[in-house]
Every structure is written in C-alpha cells, then in structure tokens.
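These are my notebook entries on one protein model. I set down what I looked up and in what order.

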Amino acid sequence: MPAEGQAERHALVDGVFAEIELPGEGDDWRAEVRRRCLSTRTVLARHPWALALVETRTSPGPATLRHHDAMLGVLRAGGFSLPMTAHAYAIIDAYVFAFVLQEASLPFDGADSANAVTDSIMEGFAAGDYPHLVEFTTQHVQQPGYHVGGQFEFGLDLILDALTVHVDNARPS
C-alpha cells in the first residue's frame, strides 16, 4: 500500500476517533464507559467504512491514542487491575464493533423492511421445518416497535454488570 494512501486512511480513522466522546475519570466508571460505548456506536454507524480500519494501523494518530488512554484510565481509576483492564477493554470493544458491523450488514434498516425480508425468507421453507425461527420472527421481530438496535443497550448492560461484579469482588474488603 502506498505510504500516501496509508497516511490518508490513518488520518480518516483518527478523525473518526476524534468524534467519539471520551470517558472521564469520574466516580462512576460504568456510566463513563457506557456513555463512550453509546457514542462509539453512533459514530461508527455514521462511518461504517471505518470498522475495517479502526484497529489495523501501526501508527495511530493523537485522537486515537487519546481515546485509548482515556478508556484505560477510566477502567484503572474504577478499580480494575491491569489484567482486568485488558479483559474489559477487549470485551467491550469486541461487543460494540461487532454490533455495529452486524447492524450495518443486515439487509434491512427498520421494522417495515425487516418484515419484507423475513416474509421473503419464510416463504422459502415450511414453518414446521424451523418452528423456533418462525416463532421468534413472527412473535418478536415482526412486532410493532421492534428494531435490532434496541438490543444494543441490553447487551452492553449485561457486559457492564458482569464487569462490575468482577471489579467489586477484586476490591479488598
């Protein structure tokens, strides 16, 4: 890859990181990490092309480095050991990036288009062949108000709940 194109991509990715809200080292690490994750999802949804590039660079820019440093700082200030900081950061970003990738890859973008896609898929098989899939689709996905994005905060909160237990159990009594 030519150095000129590589430098341009690095600058673009650094610009994406500059848009993500940095967590602060306040009293509530969980609220700060949650806010940062919501911001990351919003920013990456605006720039889905960046998903393939965000962690592939060997020379990250200042906004990227500031972002990583802030996340490490908020976790450490929240009582995470270095090994737990590594685990937490990895699982949080894996969840956020994967969720955004999944949303960007879906062949629909809302309940109306989801119904058209799921109806089309279900026409290709007998309902008895996949009863759980039919139940899930007709009684959940195709219901008014369903949006796959609505699952994001639930999953994020499960991860943060589990991390809270680990960090609380590691604190001296």
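Entry 1, Asp-14. I listed the contacts of Asp-14, leaving out residues up to four places away in sequence, and found Gly-61, Pro-62, Ala-63 and Thr-64. Contact here means heavy atoms within 4.5 Å. Asp-14 itself sits in helix α1, which covers residues 3–19. I use helices as DSSP runs of H or I with at least four residues, and strands as runs of E with at least two, numbered from the N terminus. Asp-14 counts as buried because its relative accessibility is 12%. My terms are buried for under 20% relative accessible area, exposed for over 50%, and partly exposed in between, with a 1.4 Å probe and protein chains only.

Basis of the entries. I note that the model is predicted, that local features need pLDDT of at least 70, that side-chain atom pairs count only at pLDDT 80 or more, and that totals for chains, interfaces and linings use all residues. Residues are numbered from 1 along each chain as its sequence is written, and side-chain values use heavy atoms, with hydrogens and water left out.

Entry 2, Gly-61. I then followed one of the partners of Asp-14, namely Gly-61. Gly-61 is placed in the loop between α2 and α3. Is Gly-61 buried or exposed? Gly-61 has 14% relative accessibility and therefore counts as buried. I also took the C-alpha separation of Gly-61 and Leu-101, which are 40 residues apart along the chain, and obtained 23 Å.

Entry 3, His-67. I located His-67 in helix α3, residues 62–77. The relative accessibility of His-67 is 0%, so I entered this residue as buried. Which residues does His-67 touch, not counting those up to four places away in sequence? I recorded Phe-17, Ile-20, Leu-22, Arg-36, Thr-40 and Tyr-89.

Entry 4, Val-96. Val-96 belongs to helix α4. I marked Val-96 as buried because its relative accessibility is 0%. Beyond residues up to four places away in sequence, Val-96 touches Cys-37, Thr-40, Arg-41 and Phe-152. For Val-96 and Phe-152 I noted a C-alpha to C-alpha distance of 8.2 Å across 56 residues of sequence.

Entry 5, Phe-99. Helix α4, residues 82–105, also holds Phe-99. Phe-99 has a relative accessible area of 8% and so counts as buried. Neighbours within four places in sequence aside, I found Phe-99 in contact with Arg-41, Val-148, Gly-149, Gln-151 and Phe-152. Arg-41 and Phe-152 thus appear in my contact lists for both Val-96 and Phe-99. The C-alpha atoms of Phe-99 and Thr-40 are separated by 11 Å, with their positions 59 residues apart along the chain.

Entry 6, Phe-136. I found Phe-136 in helix α6, residues 131–141. I entered Phe-136 as partly exposed because its relative accessible area is 43%. Phe-136 and Phe-154 are 18 residues apart in sequence, and their C-alpha atoms are 18 Å apart in space.

Entry 7, the whole chain. I counted seven helices and zero strands in the protein chain. The chain has a radius of gyration of 20 Å, whereas a compact globule of 173 residues would have one near 16 Å. This radius is taken over C-alpha atoms, and the globule rule is 2.2 Å times the number of residues to the power 0.38. Along the principal axes, I recorded a C-alpha trace of about 55 × 55 × 25 Å. Of the 173 residues, 39% count as buried. Among contacts with a separation of 6 or more, 73% join residues 24 or more positions apart.

Entry 8, charge. I found 11 positive and 23 negative side chains, with the centres of the two sets 9 Å apart. Lys and Arg count as positive and Asp and Glu as negative, while His and the chain ends are not counted. Each charge is placed at NZ of Lys, CZ of Arg, CG of Asp or CD of Glu.

Entry 9, confidence. The chain averages a pLDDT of 86, and 92% of the residues score at least 70. pLDDT is the predictor's confidence in each residue, from 0 to 100. Which elements have the lowest and the highest mean pLDDT? I noted the lowest, 75, for helix α5 (residues 111–122) and the highest, 95, for helix α2 (residues 29–46). Where pLDDT is low, the predicted coordinates should not be read in detail.
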